[in-house]
Amino acid sequence: MSLSANINEKANLIWAIADKLTGVYKPHEYGKVILPLTVIRRFDCILANTKQAVLDKHNSMAPDMPMRDNFLKKASGFEFYNVSKYTFESLLDDANNIETNFRNYINGFSSNVRQIIEKFKFDSEIQTMADKNLLYIVIQEFTTPKADLHPNKISNLEMGYIFEEIIRRFSEAHNEDAGQHYTPREVIELMVNILFANDTDILTCNVAKTLYDPACGTGGMLSVAQDYLEKLNKSATLLPFGQEINDETFAICKADMLIKDNNADNIRNGNTLSEDEFKGEKFDYILSNPPFGREWKNEKTTVEKEAKLGAGGRFQAGLPAVSDSQMLFLQTAISKMKEPEQGGAKIAIIHNGSPLFTGDAGSGPSEIRKYVLEHDLLEAIIALPNDIFYNTGIATYIWVLNNKKSNMRRGKVQLINANELYEKRRKSLGNKRNDIPKHYIEEITKIYAEFKATEISKIFDNEDFGYSKIVVERPQKDENGNPILKSGKSVADTALRDTENVPLKEDIKEYFKREVLPYAPDAWIDEKKTKIGYEIPFTRYFYKYVPPRKSEDIMEEIMELEKSLEGSLEAIFND
């Protein structure tokens with residue numbers, strides 16, 4: 001069976017279990033039961049082979065025995081265990097005491113698993129199902145052979161897909177934003193390709209590198225990156241770190257990491273913008289898809305306080321509009337980069353179009369772009385096809401940042417327009433109507449790695465995106481052309497003001513002489529008000545002129561339409 005078929009079969013089966021909840025739960029509430037039970041059942045299947053060994057070890061030790069936890073983990077073969085005598089199958093032997101026994105089973109898990117279950121707030125759902133005589137029925141459904149979630153039947157990678165597919169279905173039932181929880185796998189694969197491109201250490205050596213995602217959701221980016229590296233270089237190790245604000249998705253991510261024998265303590269719960277759980281830590285790679293257009297007014301006080309710390313905080317470059325937190329996540333990612341003398345770091349982060357150009361010179365967004373470009377951090381921006389995300393059809397971009405650029409990339413930025421490199425889906429998933437197939441992922445990666453100018457790849461100097469915003473003043477004049485002077489005011493005090501954006505590569509005086517003085521010979525520049533701004537007008541660089549249609553062609557089409565309309569009207573009136 002193919003990977004996708006296996007995933008769909010299991011996801012369909014788990015989704016069908018939700019039908020048993022009908023009447024007691026509304027469709028948008030099914031996830032409160034099915035998500036935690038799927039996680040618990042996965043743990044149950046994983047621990048099945050060593051269940052007796054754990055029980056034997058547990059019964060042979062005193063409750064307060066030193067290193068007890070370590071002995072039980074060793075017996076289970078994993079970083080978690082369950083010392084309850086029950087399994088999903090044995091719970092079915094006593095229908096009358098299903099609630100008491102199921103609670104005993106859950107309490108038998110090691111503390112790291114219990115913490116995950118607590119994040120689902122599952123206790124009240126156990127009570128509800130027991131009161132409505134549903135608990136036994138649902139557990140029974142999860143023990144059928146088709147619902148076997150043992151690793152021999154479902155790989156860790158497949159399990160990650162299944163979790164995400166279930167979340168997507170429940171989110172759609174609630175008309176929620178499914179895309180906020182995860183990113184399409186082909187987009188992550190492209191980002192990982194870009195992240196590791198030309199990195200000989202991680203692709204060929206026996207090394208351990210760290211990967212951080214400040215908005216990790218269910219951990220899809222972390223998992224795909226690990227799986228991808230495993231295929232490329234089995235001797236390299238990628239250690240995942242992530243933070244997630246949503247309790248349920250955090251719980252799934254932590255469970256996924258625990259199952260894969262990663263250090264699950266490196267997945268942390270909390271608001272990244274106001275509660276940095278990795279303060280002072282640095283990483284080799286940062287990979288993220290932070291939310292678009294998410295307000296940060298609830299974190300405003302904390303963020304502004306940290307911004308005042310300057311280089312001692314994450315937000316020294318500037319603050320974006322309170323209506324959109326994207327560039328706060330960008331600065332968080334930058335703050336987590338290992339220093340160049342430590343080997344440097346690389347970022348791949350997704351944004352919509354607004355971080356490219358919003359904000360005038362001197363504004364927060366412009367100052368953030370200024371910081372990124374003047375510190376030579378921006379390596380490339382890749383425009384993705386529209387309609388490839390589940391929750392939005394708008395234009396999206398991958399920003400690639402590197403604080404240890406190769407010689408050929410220093411002082412340069414590569415813009416890649418991959419907007420047309422997609423295939424239409426046969427069936428839409430939310431707003432996702434298009435896919436980026438494997439051959440286009442490889443093509444985009446190659447274009448990035450080769451760093452050459454082509455029709456869809458353009459290379460610029462950092463300064464090409466900068467400009468000086470100058471304030472041009474000229475005297476007010478009466479109808480006779482004489483300056484209007486007001487009592488106690490100088491000509492400058494009453495001057496008419498306008499602004500001009502002068503490209504950084506141009507001499508301001510030469511620009512002024514050429515573009516302003518011929519039309520306003522008595523104008524001058526107020527040099528104290530000059531500001532440096534940066535914007536990246538991506539679409540302008542790839543604009544293709546399409547000549548208007550010939551008037552003869554348009555007229556011919558109009559005549560044809562008129563003829564067809566006359567025929568239609570005649571048919572109507574003759575009826």
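1. Asn133 is exposed, with a relative accessible area of 60%. This residue sits in the loop between helix 8 (123-131) and helix 9 (135-142). Its phi is near 55°, a positive value in a residue other than glycine. Bear in mind that the model is predicted.

2. Asp261 also has a positive phi, near 65°, and is likewise not a glycine. Its place is the loop between helix 14 (247-259) and strand 3 (267-269). Is Asp261 buried or exposed? Neither: Asp261 counts as partly exposed, because its relative accessibility is 46%, and the exposed class begins over 50%.

3. Helix 2 covers residues 31-46, 16 in total. From first C-alpha to last, helix 2 reaches 22 Å. That is close to the 22 Å expected at 1.5 Å a residue. Of its 16 residues, 15 are buried, so helix 2 is largely enclosed by the rest of the structure.

4. Now the internal space. Rolling a probe the size of a water molecule over the atoms shows where empty space is left. How many cavities of 30 Å³ or more does the structure hold? There are two. The largest has a volume of about 50 Å³, and the second largest holds about 40 Å³ of space.

5. Which residues line the largest cavity? The lining consists of Gly160, Phe163, Glu164, Arg185, Thr218, Gly219, Gly220, Ser223, Ile252, Asp256 and Lys260. By class, two are nonpolar, five polar and four charged. Glycine is counted as polar here, and the lining includes Gly160, Gly219 and Gly220.

6. Where does the lining of the largest cavity come from? Helix 10 (156-173), helix 13 (220-232) and helix 14 each supply at least two of its residues. Helix 10 gives the most, with three. Helix 14 (247-259) is also the helix that precedes the loop holding Asp261.

7. The second largest cavity is lined by Asp44, Leu47, Ala48, Lys51, Asn82, Thr87 and Tyr105. Three of these lining residues are nonpolar, two polar and two charged. Tyr counts as nonpolar in this scheme, and Tyr105 is part of this lining. Asp44, another lining residue, brings helix 2 (residues 31-46) back into view.

Key:
Residues numbered from 1 in each chain as written. Predicted model: local features only at pLDDT ≥ 70, side-chain atom pairs only at ≥ 80, totals over all residues. Heavy atoms only, no water. Helix = DSSP H or I, 4+ residues; strand = E, 2+ residues; numbered from the N terminus. Buried < 20%, exposed > 50% of the residue type's maximum accessible area, 1.4 Å probe, protein only. 1 Å grid on protein atoms, 1.4 Å probe; cavity = no way out; pocket = protein on both sides within 12 Å on 5 of 7 lines; lining within 4 Å. Points joined across faces, edges and corners; volume = space filled by probe spheres on them. Expected span 1.5 Å × (residues − 1).
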